[in-house]
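Work through the exercises below with the model open. Try each task before reading its solution.

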Amino acid sequence: MGLPINWKILLIDDDEDIRDIMTVTLKDAGYSVICAPDGHTGLMLATREEPQIIITDIRMPGLTGLEVLEKIKKIKPETEVIVTTGFGDIEKAVKALQYDASDFISKPIDDAALHMALKRAKQRYVDKKQLSDYTTLLENENLKTSSELVKNVNFQSSLIENSMDGILGCDENDIIVTYNRSMEKLLGYPKVRVLKKMTVKAFFKPEWFSKLKDDLAGSDFGGKNRLFLYETSMFSLEKKDIPVQISGFILSRDRVQNYMVLFISDLRDLRILEQEVTDQAKLLHREKMISLGRLAASMVHEINNPLSGILNYVRLMIRISGKTSNLKSGLKSALTPDQRQNQANKFNSYLEIIESETQRCSELVSGLLKFSRKTKLEQKNIDVTELIQHSLLLCSHKLELSNIVLKVRYDSDIPHVYGDFNQLEQCIINLIFNAIDAMENGGVLEIRTGFNSEEKLVFISIKDNGKGISKEDLNFIFEPFFTTKNEGYGVGLGLSSAYGIIEKHKGTIVVESILDLGSEFIIKLPPVKKDF
């Protein structure tokens with residue numbers, strides 16, 4: 001059997017700089033590289049060029065990385081796919097592994113992590129290719145009996161033993177005749193205790209095994225007599241449930257279905273990763289709720305002021321209305337036309353004030369509700385000035401209570417940016433709250449927006465003259481759970497989530513700080529191309 005000598009890699013990413021850098025890295029390592037700027041082009045090249053390995057970004061316009069993975073696995077299931085992810089895309093990375101991706105790498109991509117992922121992908125490809133070729137060999141030889149099949153499988157024991165996946169085979173009576181080293185590691189049963197002595201059903205609850213056999217006989221999981229990426233659980237030696245993913249098939253000889261082969265992957269690490277994603281989402285939501293609580297506390301006073309004004313004007317209008325009714329019902333002096341007009345003007349002016357103050361309350365409450373909701377990602381063109389103004393609307397009273405002087409300078413000609421308004425607003429509010437916390441005795445908060453024509457990027461600067469950040473802490477401020485605040489002011493995810501949000505929008509966030517003099521956070525985002 002001829003294994004591939006020249007490894008060919010298809011690289012799919014909509015970021016030209018990433019494609020260029022990774023191409024150089026991969027070619028230096030001896031790989032042949034093909035590049036595609038989007039998922040549709042990638043699928044076309046995958047079919048035409050037949051690479052053994054595909055590296056694809058998860059988040060791309062048009063066809064996403066997950067959709068590319070799913071389609072590739074249907075067209076060429078032997079192809080190994082590695083996905084690259086940004087901060088905050090771990091949930092999608094987990095789903096990619098469930099779709100049989102060989103690995104995922106977090107951005108920015110480290111060379112060591114890249115080469116380790118490629119090493120695993122190559123091993124998986126070789127294992128599957130050898131097993132596929134060997135299965136074809138068995139079918140061509142038209143083996144007659146299970147003993148002859150076992151003899152040939154033993155002949156290829158090194159191939160099976162060294163597979164990264166567990167391989168389990170059983171005869172027509174479900175007696176196990178193939179059981180490799182990975183299965184020993186997975187279940188804890190030694191081979192001498194299993195081979196020709198145990199049935200495969202001993203590793204499953206009766207209902208699990210019955211369902212597996214029914215689904216294998218059906219066509220819902222890869223076709224009749226086949227399973228593809230089928231998830232269930234098995235028993236270990238200690239009688240613990242082990243979540244697994246199974247691909248398998250039935251070998252038929254002389255029209256008799258007499259041999260079942262299962263390729264089994266351990267899902268325990270994946271389940272731990274899924275739980276970490278869930279826990280991370282809960283912690284991020286907790287951080288958001290802490291910010292919401294602080295917003296709401298300051299908003300009580302902000303809403304109370306217009307409500308007091310509305311109440312006073314309504315009472316005044318009731319008094320004027322009462323006087324008018326008394327005059328009409330029998331008092332000697334009647335209102336002159338000028339007096340009636342004057343009262344009408346007062347009524348109109350009071351109504352305008354009531355409308356304005358009511359609208360102000362409505363906007364404050366709507367802003368709080370929008371900030372508090374768990375919303376789906378909604379990408380659209382965003383006016384940066386509107387984004388800052390809406391964020392400041394929610395923070396304005398908190399700034400006043402903290403004795404903060406606000407200075408805002410908008411560039412009048414800023415291109416729009418593309419992204420999720422609510423997420424970017426959450427990022428801005430986190431940075432404003434951090435600035436407020438840094439100025440314990442009041443201070444000056446400066447917010448600037450503009451467009452850097454050299455970098456071709458929109459920027460948002462949030463600068464305070466607070467206590468600053470030490471050089472030691474600057475290296476860690478964007479790490480999850482790192483915080484210099486007192487308990488009750490967050491769990492150390494504010495800056496981490498802000499970093500993730502900006503990275504998800506293909507931007508950057510940097511900080512410049514001098515201890516005891518203040519800090520400046522600068523967000524840089526790519527403009528909408530048609531605006532630029």
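**Exercise 1. An aromatic pair**

Does Trp7 count as buried or exposed, and at what relative accessibility?

*Solution.* Trp7 counts as buried, because its relative accessibility is 13%. Buried means under 20% relative accessible area, exposed over 50%, and partly exposed in between (1.4 Å probe, protein chains only). A caution on the source: this is a predicted model, where local features need pLDDT of at least 70, side-chain atom pairs count only at pLDDT 80 or more, and totals for chains, interfaces and linings use all residues. Residues are numbered from 1 along each chain as its sequence is written, and side-chain values use heavy atoms, with hydrogens and water left out.

Next, find the ring partner. The structure holds 7 aromatic pairs. In one of them, Trp7 and Tyr125 meet edge-to-face, with 5.6 Å centre to centre and 75° between the planes. The cut-offs: rings of Phe, Tyr and Trp (its six-membered ring) pair if their centres lie within 6.5 Å; planes under 30 degrees apart count as stacked, over 60 as edge-to-face and the rest as tilted.

Then place both residues. Trp7 is in the segment before E1 and Tyr125 is in helix H5 (residues 111-141), so this pair links distant parts of the chain, 118 residues apart. Helices (H or I, at least four residues) and strands (E, at least two) are DSSP runs, numbered from the N terminus. Tyr125 is buried, at a relative accessible area of 11%.

**Exercise 2. A second pair**

Classify the pair formed by the rings of Tyr189 and Phe203.

*Solution.* The centres are 5.2 Å apart and the planes lie at 50°, so the pair is tilted. Tyr189 sits in the loop between helix H8 (181-187) and helix H9 (191-194). Phe203 sits in the loop between H9 and helix H10 (206-217), 14 residues apart from Tyr189. Check burial next. Tyr189 is buried at 4% relative accessibility, and Phe203 is buried at 0%. Finally, widen the view: Tyr179, Tyr189 and Phe203 form one aromatic cluster.

**Exercise 3. Two strands and a helix**

How do strands E1 and E2 run, and how many bridges join them?

*Solution.* E1 (residues 8-12) and E2 (residues 32-36) run parallel, joined by 5 bridges. Two strands pair if DSSP finds at least two bridges between them. For the register, Lys8 stands opposite Ser32 in E2. Now add helix H1 (residues 16-28): E1, H1 and E2 make a right-handed β-α-β unit. Right-handed means that, with the strands pointing away from the viewer, the path from the first strand over the helix to the second runs clockwise.

**Exercise 4. Around Tyr31 and Leu26**

Which residues does Tyr31 touch, not counting residues up to four places away in sequence?

*Solution.* Start with location. Tyr31 lies in the loop between H1 and E2. Tyr31 counts as buried, at 11% relative accessibility. Tyr31 touches Trp7, Ile9, Leu26, Leu118 and Lys122; contact means heavy atoms within 4.5 Å. With Lys122 there is also a side-chain to side-chain polar contact of 3.2 Å. A polar contact is a pair of N or O atoms within 3.5 Å; within protein, one must be able to donate a hydrogen and the other to accept it, and residues adjacent in sequence count only if both atoms are side-chain atoms.

Move to Leu26. Leu26 is found in helix H1 and is buried at 0% relative accessible area. Beyond four places in sequence, Leu26 is in contact with Ile9, Tyr31, Val33, Ile55, Leu114 and Leu118. The C-alpha atoms of Leu26 and Leu118 are 10.0 Å apart, while 92 residues separate them in sequence.

**Exercise 5. Strand E17 and the loop before it**

Which side chain joins that of Glu520 in a polar contact of 2.5 Å?

*Solution.* The partner is Ser461. Glu520 is in strand E17 (residues 518-525) and counts as buried, at 12% relative accessibility. Outside four places in sequence, the residues that Glu520 touches include Arg448, Lys463 and Glu512.

Now inspect Asp516, in the loop between strand E16 (508-514) and E17. Asp516 counts as exposed, at 61% relative accessibility. Its phi is positive, about 75°, although Asp516 is not a glycine. Most residues other than glycine have a negative phi.
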